[in-house]
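Colleague: I have a model open and would like to walk through it with you. Could we start with a single residue and work outwards?

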Amino acid sequence: MKRSINYVLTAVFSLALLTSCGGEKKKEEEKETIKLGVQKEEEPKAEVADSNVAEIVISGDDMMKFDLSEIKVKAGQKVKLTLRHKGKMAVNVMGHNFVLLAQGVDMTDFATKAATSQATKYIPEGSEGDIIAHTDLIGGGQTTTIEFDAPEVGTYDFLCSFPGHYALMKGKFIVE
Ligand SMILES: [Cu+2]
């Protein structure tokens, strides 16, 4: 008789253990659900940070023209600039790049030096101080993207430094 009571007690005790374990699992699941909820709420903050990036797309063609003559960004913004070559001509015939000059740099002087710098894709050696940012040189159908910090408030010149192109392929980069 005593034995059977022991069995019953053991059985009840085990059942209690199982029940409490199940309860803890449920609590953990609830915690995970809450965590997921918090992560979802944080997403809009990431979008706010992205608004500080100025995304610019400028295109060149086989007619030696950029589709933009003026680009405006705000001081402190990151600039993500994409250059598209919408033409079909090869890079050695109708190559384009985007070169943003520092203030006080004479565009004609720079372009003259650049024209003889074929080996460095028309970016003159030792001209780092004259340039705020530049893209790669691309041919028809190609696209290239660069990222840089907007310089201080002011108006800057940009050009394509492929020989002869700056006469038509140039514009103003304005930081407000
Ligand atoms: Cu060009």
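Colleague: Is leucine 68 buried, exposed or partly exposed?

Modeller: Leucine 68 is partly exposed, because its relative accessible area is 26%, where buried means under 20%, exposed means over 50% and partly exposed lies in between, with a 1.4 Å probe and protein chains only. Please keep in mind that this is a predicted model, in which local features need pLDDT of at least 70 and side-chain atom pairs count only at pLDDT 80 or more, while totals for chains, interfaces and linings use all residues. Residues are numbered from 1 along each chain as its sequence is written, and side-chain values use heavy atoms, with hydrogens and water left out.

Colleague: Where does leucine 68 sit, and what does it touch?

Modeller: Leucine 68 lies in the loop between β1 and β2 (70–73), where strands (E, at least two residues) and helices (H or I, at least four) are DSSP runs numbered from the N terminus. Leaving aside residues up to four places away in sequence, leucine 68 touches Ile56, Val57, Ile58 and Phe158, a contact being heavy atoms within 4.5 Å. Leucine 68 and glycine 171 are 103 residues apart in sequence, and their C-alpha atoms are 7.3 Å apart in space.

Colleague: Which ring cluster does Phe158 belong to?

Modeller: Ring pairs link Phe158 with Phe66 and Phe98 into a cluster, and the structure holds 4 aromatic pairs. Rings of Phe, Tyr and Trp (its six-membered ring) pair if their centres lie within 6.5 Å.

Colleague: Now the metal. What are the protein donors of the copper ion?

Modeller: They are His96 (ND1), Cys160 (SG) and His165 (ND1), lying 2.0 to 2.2 Å from the copper ion. Donors are N, O and S atoms within 2.8 Å of the metal (3.2 Å for Na, K and Ca), and water is not among the atoms, so sites may look incomplete.

Colleague: What spacing do the donors follow along the chain?

Modeller: The donors of the copper ion follow H-x63-C-x4-H. Histidine 96, in the loop between α2 (91–94) and β4 (99–101), and cysteine 160, in the loop between β7 (154–159) and β8 (170–175), are 64 residues apart, and the pair links distant parts of the chain. Histidine 96 and cysteine 160 are both buried.

Colleague: Different topic: which residues of helix α3 are buried?

Modeller: In α3 (residues 107–115), Met107, Phe110, Ala111 and Ala114 are buried. They lie on the same side of α3 because they cover an arc of only 95 degrees around the axis, the arc being that of the directions from the helix axis to the C-beta atoms. What covers these buried residues includes β4, β5 (131–134), β7 and β8.

Colleague: And what is the strand order in the open sheet of 3 strands?

Modeller: The order is β1-β3-β6, with mixed pairing, and two strands pair if DSSP finds at least two bridges between them. The edge strands, each pairing on one side only, are β1 (53–60) and β6 (143–149). Strand β3 (residues 78–85) pairs with β6 in the antiparallel sense over 7 bridges, and lysine 80 stands opposite glutamate 147 in β6.

Colleague: Last one: which phi values should I look at, given a residue that is not a glycine?

Modeller: Methionine 64 has a positive phi of about 60 degrees, and tyrosine 122 has one of about 65 degrees. Methionine 64 is in the loop between β1 and β2 and counts as partly exposed at 21% relative accessibility, whereas tyrosine 122, in the loop between α3 and β5, is buried at 7%.

Terms used: Phe/Tyr/Trp six-rings, centres within 6.5 Å; stacked < 30°, edge-to-face > 60°.
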